[in-house]
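Look over the sequence and the fold below. The report that follows takes up a ligand site, a strand beside it and a single arginine.

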Amino acid sequence: MANDTPLFQSIISHAKEYGFIFPSSEIYDGLQAVYDYGQMGSELKKNIKDHWWKSMTQLRDDVVGIDAAIFMHPTTWKASGHVDNFNDPMIDNRDSKKRYRVDHLIEAHAEALMAAGQKEQAAALVTSMEGLLAADDFVGLKKLIEDHQIKCAVSDTCHWTDIRQFNLMFATEFGATSGEEDNKVYLRPETAQGIFVNFLNVQKTGRMKVPFGIAQVGKAFRNEIVARQFVFRMREFEQMEMQFFVRPGTQKQWYEYWKQCRLQWHLDLGLPADKYRYHDHVKLAHYADAACDIEFDFPIGFKELEGIHSRTDFDLRQHQEYSKKKQQYFDNEIDPSTGKPFGNYIPYVVETSIGLDRMFLAVLSHAYEEQDLSTDEKQDSRVVLKFPAALAPIKLAVLPLNKKDGLPEIAQEIIAQCKDDFRCFYEEKDSIGKRYRRMDALGTPFCITVDYQSKEDRTVTIRYRDSMQQERISIDSIKDLIKKAL
Ligand code: GAP
């Protein structure tokens with residue numbers, strides 16, 4: 001799926017124009033599927049990250065956080081199955097030389113069929129694809145592509161190579177001598193393994209009792225092939241993951257718990273329920289006994305935002321085997337069926353894994369609104385980002401009506417009062433109307449205008465972003481009013 005819907009294009013342009021997201025190393029024409037967060041974007045991203053971290057660790061007494069290194073011992077990736085299994089089936093077009101992920105190529109064709117009103121054909125195509133993918137039947141998949149005359153978007157031909165597996169991990173070298181296989185290390189393709197290899201460190205030093213979780217936020221790297229989807233699919237991205245270690249046999253119940261709990265987290269942010277849906281996996285990853293995606297209605301359609309995976313004891317068992325170090329937990333609680341402690345076992349794991357950049361895109365695309373404010377008298381419009389106030393990069397803009405007569409000093413006094421508690425912004429250039437529009441475009445929920453009356457009675461005008469309503473309040477009440485709203 002390309003990022004070429006008009007709405008998606010407008011959001012991408014807006015994100016660049018207002019300092020949210022820039023293409024990486026843009027002066028050299030950018031680097032495909034890599035992006036930089038600007039002065040506004042980094043604030044929004046940090047607010048999302050902090051919100052996740054707080055709700056997953058600080059507000060719970062059964063989850064703790066860690067920050068593991070990006071580089072890990074190379075055997076980690078052998079044990080986890082990523083060296084052998086972290087592959088995507090790819091197909092190349094012989095004319096354009098363009099490479100496609102097979103499932104994406106077929107899904108894009110199914111979406112085109114849907115758009116053309118051929119819903120049943122589209123559904124049948126996706127069902128066939130899922131069956132063939134589940135069976136790793138690459139010959140059948142190629143035949144499916146040919147039978148449906150699926151064409152390359154660049155060459156417009158059906159001249160395809162055979163389907164091959166392509167590993168998504170980036171490798172680099174450690175130490176001084178290059179070219180030796182022993183020096184090879186990977187940039188982690190998921191943060192989860194940093195949690196697994198620290199399971200016993202955390203459990204013992206934190207005196208944690210199963211069930212408990214370990215959370216982490218950090219960079220992950222994948223050599224994605226289909227990469228024209230802005231921050232939805234990047235080669236360098238951030239994950240917010242949590243592994244919840246449970247007693248074997250209880251994983252189903254914890255899987256259901258986390259499925260509900262994580263969806264509720266999204267809804268509690270004020271994002272509407274009709275923008276979300278679950279997608280239960282038909283083809284399970286090599287480590288899972290149940291898995292689903294929480295999908296979000298992005299401008300490119302419903303797509304995966306977060307994954308909930310019941311990973312069994314696969315990872316810890318593999319690390320035990322490869323490291324030769326026991327990964328067991330002693331459960332001294334009494335098993336009512338035997339009257340004895342549950343004893344030693346390798347815990348099962350339920351994972352919640354959300355892409356920070358995808359969450360950023362969900363928040364940004366839902367917040368983005370183009371509003372026509374025209375009246376009989378005049379044409380008017382605005383672009384507004386209706387971020388939840390708690391996530392907005394700037395909470396309060398303070399705008400003196402004039403650059404002189406003591407108004408900037410009052411504005412600065414307000415900023416000095418508030419900046420310890422939340423992010424403020426001072427602006428004195430341009431007309432007040434233009435400044436309001438700029439703040440709308442940045443998603444600032446509150447603007448304060450300091451005018452001549454402020455000098456007399458220490459009151460100011462507060463303007464609310466979403467309703468555009470204004471009211472007069474005292475300078476001394478600003479901080480509390482905004483803190484309450486946050
Ligand atoms: N530890 C499990 C795991 O990594 P995943 O479904 O491959 O599972 C989890 O990834 C989440 O990471 C996804 O739901 C998505 O939000 C995010 N993600 C994965 N690949 C991404 C990419 N190339 N760019 C941005 N986000 C990505």
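How many bridges join β10 to β16? Eight, and the two strands run antiparallel. Note that this is a predicted model.

## Strand β10 and its partners

β10 covers residues 236-246. On one side of the account stands β16, residues 348-355. Within that pairing, Gln239 stands opposite Gly355 of β16.

β10 also pairs with β9, residues 212-221. That pairing is antiparallel too, over 10 bridges. Here Ala220 has Phe237 of β10 as its bridge partner. Is β10 enclosed or open? Of its 11 residues, 10 are buried, so the strand is largely enclosed by the rest of the structure.

## Polar contacts to the ligand

Gln239 returns at the ligand. An N or O atom in the side chain of Gln239 is 3.0 Å from an oxygen atom of the ligand. Glu304 also faces a ligand oxygen, with a polar side-chain atom 2.6 Å away. For Arg311 the partner is a nitrogen atom of the ligand, and the distance is 3.3 Å.

How much of the ligand does the protein bury? Taken alone, the ligand exposes 560 Å². The protein buries 93% of that area.

## The shell around the ligand

Three elements each give two or more residues to the shell: β10, β13 (301-312) and β16. β13 supplies the largest share, with six residues. Thus two strands already met as a pair, β10 and β16, both contribute to the shell.

There are 20 residues around the ligand. Those that come nearest are Glu190, Arg222, Met234, Glu241 and Glu304. What is the make-up of the shell by residue class? It divides into 10 charged, five polar and five nonpolar residues.

## Arg463

Arg463 belongs to strand β22, residues 459-464. Is Arg463 buried or exposed? Its relative accessible area is 3%. The cut-off for a buried residue is under 20%, so Arg463 counts as buried.

The side chain of Arg463 has a polar contact with that of Asp440, at 2.9 Å. Asp440 is also among the residues in contact with Arg463 once its neighbours within four places in sequence are left aside. The other members of that list are Arg382, Tyr436, Arg437, Pro445, Phe446, Cys447, Met468, Gln469 and Gln470.

Terms used:
Residues are numbered from 1 along each chain as its sequence is written. This is a predicted model: local features need pLDDT of at least 70, side-chain atom pairs count only at pLDDT 80 or more; totals for chains, interfaces and linings use all residues. Side-chain values use heavy atoms; hydrogens and water are left out. A residue is near a molecule or strand if one of its heavy atoms lies within 4 Å of it. A polar contact is a pair of N or O atoms within 3.5 Å; within protein, one must be able to donate a hydrogen and the other to accept it, and residues adjacent in sequence count only if both atoms are side-chain atoms. Accessible areas come from the Shrake-Rupley method with a 1.4 Å probe; for residues, only the protein chains shown count as cover. Helices (H or I, at least four residues) and strands (E, at least two) are DSSP runs, numbered from the N terminus. Ala, Val, Leu, Ile, Met, Phe, Trp, Tyr, Cys and Pro count as nonpolar, Asp, Glu, Lys and Arg as charged, and the others, Gly among them, as polar. Buried means under 20% relative accessible area, exposed over 50%, partly exposed in between (1.4 Å probe, protein chains only). Contact means heavy atoms within 4.5 Å. Two strands pair if DSSP finds at least two bridges between them.
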